[in-house]
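Visitor: I am new to this structure and would love a close look at one part of it. Could you take me to the largest pocket and tell me what surrounds it?

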Amino acid sequence: MNSLKLSVVAVCSAALFPGVVAAQGPLRLTLDDAISRGLAESHRIAEMKARNEGAAAAVQGRQAAKLPQVSAQAGYTRTNHIEPFAIPSAIGPAKVIYPDIPDNYRTRVDFQWPIYTFGRFDALERAAQAEAGASGFDVVTTRNDLKLEITRAFWAMVTATEAVRVVDESLKRMDAYVTDVRNRLKVGLVPPNDVLSAEAQRSRQQMLLVQARNARETALIELRRLIGEAPDRAIEVDAVLEAPARTVEAADALVSAARDARPERKALELRVQGAGERRNAVAANARPILSTGGGVDLANPNTRIFPRMDAWKSSWDIGVNITWTFADFGRVKADVAEAAAAQRAVRERLAEFDTVLEVEVRQRRLDLESARAAVSSAEDSLRAASEARRVVGDRFDAGVASSTDVLDAQVALLQAGLDRTQALAGVRLAEARLERALGR
């Protein structure tokens, strides 16, 4: 009996939280409907999309770094009073060369443009583009993960519903059997302990039915969470728990398809490229930067105009500059080594992913084959248990079989039904895991 109880729990093991019965009309869902609703309402996908938007904005920032920058400046400075400096004149009053002007105002429109950076900004832009592309594949990865989670929850709901049906039918058979045994006791055909055994078995199956219904409710609340529905919304799944007849491709073909389709691998490839570009950008720091700049000043007094005077005067300047840090005591060398190590780390992660990918695809394919074999075995066992229950029932009616034989046949039939339900659910889940391994 303990194994029977564990079978019910195993059939409904995908559910997580208790649910409540909804008062509004039920929402009928197919698997595709559940997936589309879940993807549209997912906060995880929204988070990854926001990160992708941030990476795209970083690309724009790297592109803008190569363009000129124009800025406006303004300032005011108060200085102490001084003795004006003047030159005496023989024909008139002394000429003031450096007057006392304590209030100093300055405005400037400044222009700066890095003309040539030896590929530093171009490498940073390509690195940002690689990261933006990788974050786009991260969105696809999150969608695939969520799709598998919704599929698992959906089939958990279908499986729990089927388990309720199987246990309910078995309980109806037990009710009929208990009634029959009680009638036989009244006429003296069976001893009292047979009635007690039948009633005890019926109580156990009643307990299994309660557990199965609770498991169905827990599966329902998890499905509600994933598709963004209210906790009290009634949902009916539109699916039949049957094993599909689709064939499975050869393992080598599946591994090749997974390498081409897995978004995680594409993201790692782009991050390897991005790490290489960041290394190039760091290495360019050892080379000079050629830039041009200029501006227009409007100041009172304007220090570029001699002699100084308390009046607004304008001036302008333009120039070409070269900056070269030729001695940094190994700072650039260390930064290059750090960036190169980061690139090697990502490259090794990609190589590790390839080995894990091949193993995962082959294992998922074998799991699917095993699940389909389990379905065939479970269906044979169910047919055998059904026939055995019929034969034992006839023998019991003829008085050549004991009530213990009937109870054993009842339990075997229930176990076979639960095993078939679990096997069919295993096929669906194995297919979903294989699809996830293939990046679909």
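**Around the largest pocket**

Guide: Happily! Sorted by character, the residues lining the largest pocket comprise five nonpolar, two polar and eight charged ones. Please keep in mind that this is a predicted model. The space in the largest pocket comes to about 260 Å³. Its lining is made up of 15 residues, and those closest to the centre are Leu 31, Lys 147, Thr 151, Ala 432 and Glu 435. Three elements each give two or more residues to this lining: helix 2 (31-41), helix 4 and helix 9 (403-437).

Let us follow one of those helices to its end. Helix 4 covers residues 120-186, and Lys 186 belongs to it. Is Lys 186 buried or exposed? Lys 186 counts as exposed, because its relative accessibility is 69%, and the cut-off for exposed is over 50%. From Lys 186 we can look across to Arg 106: the two are 80 residues apart along the chain, and their C-alpha atoms are separated by 115 Å.

That brings us to strand 5, which spans residues 103-116 and pairs with strand 2 in the antiparallel sense over ten bridges. One residue pair to look for here is Ser 71 with its bridge partner Asp 110 in strand 5. Both strands are part of an open sheet of four strands, ordered 2-5-7-8 with antiparallel pairing. At its edges are strand 2 (69-78) and strand 8 (313-323), each pairing on one side only. From one strand to the next, the twist averages 20°.

How values were computed
Residues numbered from 1 in each chain as written. Predicted model: local features only at pLDDT ≥ 70, side-chain atom pairs only at ≥ 80, totals over all residues. Heavy atoms only, no water. Buried < 20%, exposed > 50% of the residue type's maximum accessible area, 1.4 Å probe, protein only. 1 Å grid on protein atoms, 1.4 Å probe; cavity = no way out; pocket = protein on both sides within 12 Å on 5 of 7 lines; lining within 4 Å. Points joined across faces, edges and corners; volume = space filled by probe spheres on them. Nonpolar A, V, L, I, M, F, W, Y, C, P; charged D, E, K, R; others polar. Pairing = 2+ DSSP bridges. Axes fitted to C-alpha atoms, helices over the stretch in contact; angles between N-to-C directions.
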